[in-house]
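The exercises below are meant for working through with the sequence and the model side by side. Please try each task before reading the solution that follows.

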Amino acid sequence: MNIIVNGGTRGIGKEIVVLLSKEKDHRILVTGRNAKALNLISSGSKYKNIATFVIDLSIFDDRQKSFLKAVSSMMKNVDILINMAGCLVIKDFMEFHNDKAREMMETNFFGPASMIRAIRPLMKKGSHIVNISSMGGYQGSSKYRGLSYYSASKAAISCLSECLAEEFRDDGIAVNSLALGSVQTEMFEAAFPGHKADVSAKEMAKFIMEFAFNGNRLFNGKILPVAVNNP
Ligand SMILES: NC(=O)c1ccc[n+]([C@@H]2O[C@H](COP(=O)([O-])OP(=O)(O)OC[C@H]3O[C@@H](n4cnc5c(N)ncnc54)[C@H](OP(=O)(O)O)[C@@H]3O)[C@@H](O)[C@H]2O)c1
């Protein structure tokens with residue numbers, strides 16, 4: 001399988017890449033801003049089946065052409081795209097500067113959306129796009145102070161998943177969104193210091209990987225809450 005993990009330098013994305021790389025026949029392209037972390041991940045793979053590309057999603061459009069060139073040189077088609085990358089800034093709505101709010105929207109919504117548009121022509125029937133959202137962006141979930149822009153950006157990527165499933169349906173390409181509850185990662189620790197998440201990054205990575213492989217047989221255009229608690 002040819003798989004792109006967008007945002008795989010740390011946290012859940014990194015664990016997904018580690019799991020995927022254990023299968024000799026997978027070819028994996030991993031992105032992120034941290035070049036050093038990308039190199040470490042790539043050089044640590046037993047089967048040398050990981051390629052990397054440095055991308056800042058908040059300015060992805062500038063690098064779209066060179067990214068596509070890198071993808072095409074490595075894989076003829078893309079079977080799975082996992083949009084893991086995300087950023088979380090906690091601040092009351094009234095204190096947010098527009099620049100920061102836009103940066104989060106770019107990273108969590110416009111960047112992944114552009115990534116889908118770039119990769120879509122390389123996807124054949126049976127391919128699967130998995131967008132990673134959050135319980136904060138799940139309709140009717142409990143909402144938390146300071147998470148307005150983050151939650152809204154995650155609701156946007158979830159809604160986009162529903163819409164794109166419709167647009168890509170005739171070509172047999174499925175699009176789903178997983179609305180995660182809390183997972184023990186650096187993002188979680190920075191956002192909620194002293195709190196303990198119910199799920200480890202490894203556990204969630206295994207679930208997402210299996211869903212990416214098989215979920216498209218039973219789900220399309222769905223926003224699925226993946227949480228034992230809320231959030
Ligand atoms: N952990 C949770 O409790 C939780 C709950 C709900 C949803 N989620 C979602 O799950 C996903 C993974 O979260 P995580 O906890 O594993 O986070 P994490 O440890 O902070 O990892 C985030 C990943 O996104 C990449 N990234 C962030 N900003 C980027 C940018 N501007 N351009 C390119 N890549 C960028 C990071 O790579 P670089 O730093 O190398 O750029 C990193 O690989 C996120 O979308 C998050 O919103 C997490």
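**Exercise 1: the faces of a helix**

On the face of helix H3 turned away from its buried side lie the exposed residues Lys65, Lys69 and Ser73. The model is a predicted one, in which local features need pLDDT of at least 70 and side-chain atom pairs count only at pLDDT 80 or more, while totals for chains, interfaces and linings use all residues. Residues are numbered from 1 along each chain as its sequence is written, and side-chain values use heavy atoms, with hydrogens and water left out.

Task: find which residues of H3 are buried, and what covers them.

Solution. Begin with the terms: helices (H or I, at least four residues) and strands (E, at least two) are DSSP runs numbered from the N terminus. Buried means under 20% relative accessible area, exposed means over 50%, and partly exposed lies in between, with a 1.4 Å probe and protein chains only.

Next, go through H3, which covers residues 64-74, and note that Gln64, Phe67, Val71 and Met74 are buried there. Seen down the helix axis, these buried residues fall within an arc of 95 degrees (taken from the directions from the axis to the C-beta atoms), so they line one face of H3. As a general rule, an α-helix has 3.6 residues a turn, so residues three or four places apart point the same way.

Finally, look for the cover, where contact means heavy atoms within 4.5 Å. The buried residues of H3 are covered by parts that include strands E1 (2-6), E2 (27-32) and E3 (50-54), together with helix H4 (98-119).

**Exercise 2: four single residues**

Task: for arginine 63, lysine 48, serine 148 and glutamine 139, state where each lies and whether each is buried, partly exposed or exposed.

Solution. Start with arginine 63, which is placed in the loop between E3 and H3 and is partly exposed, at a relative accessible area of 33%. Not counting residues up to four places away in sequence, arginine 63 touches Phe53 and Val54.

Lysine 48 belongs to the loop between helix H2 (35-43) and E3, and with a relative accessible area of 59% lysine 48 is exposed. Its phi is near 50 degrees, a positive value in a residue other than glycine.

Serine 148 is part of helix H5 and counts as partly exposed at 31% relative accessibility. Leaving aside neighbours within four places in sequence, serine 148 is in contact with Lys91 and Phe93, and its C-alpha atom is separated by 9.7 Å from that of phenylalanine 96, 52 residues apart along the chain.

Glutamine 139 sits in the loop between strand E5 (128-134) and helix H5 (148-168), and is exposed, with a relative accessible area of 76%. Its C-alpha atom and that of glutamate 95, 44 residues apart along the chain, are separated by 24 Å.

**Exercise 3: the whole chain**

Task: describe the protein chain by its secondary structure, its extent and its burial.

Solution. First count the elements: the protein chain has seven helices and nine strands. Then take the extent, for which the C-alpha trace spans about 45 × 40 × 35 Å along its principal axes.

After that, turn to burial, where buried residues make up 51% of the 231 residues. Last, consider the contacts between residues at least 6 apart in sequence, of which 73% join residues at least 24 apart.
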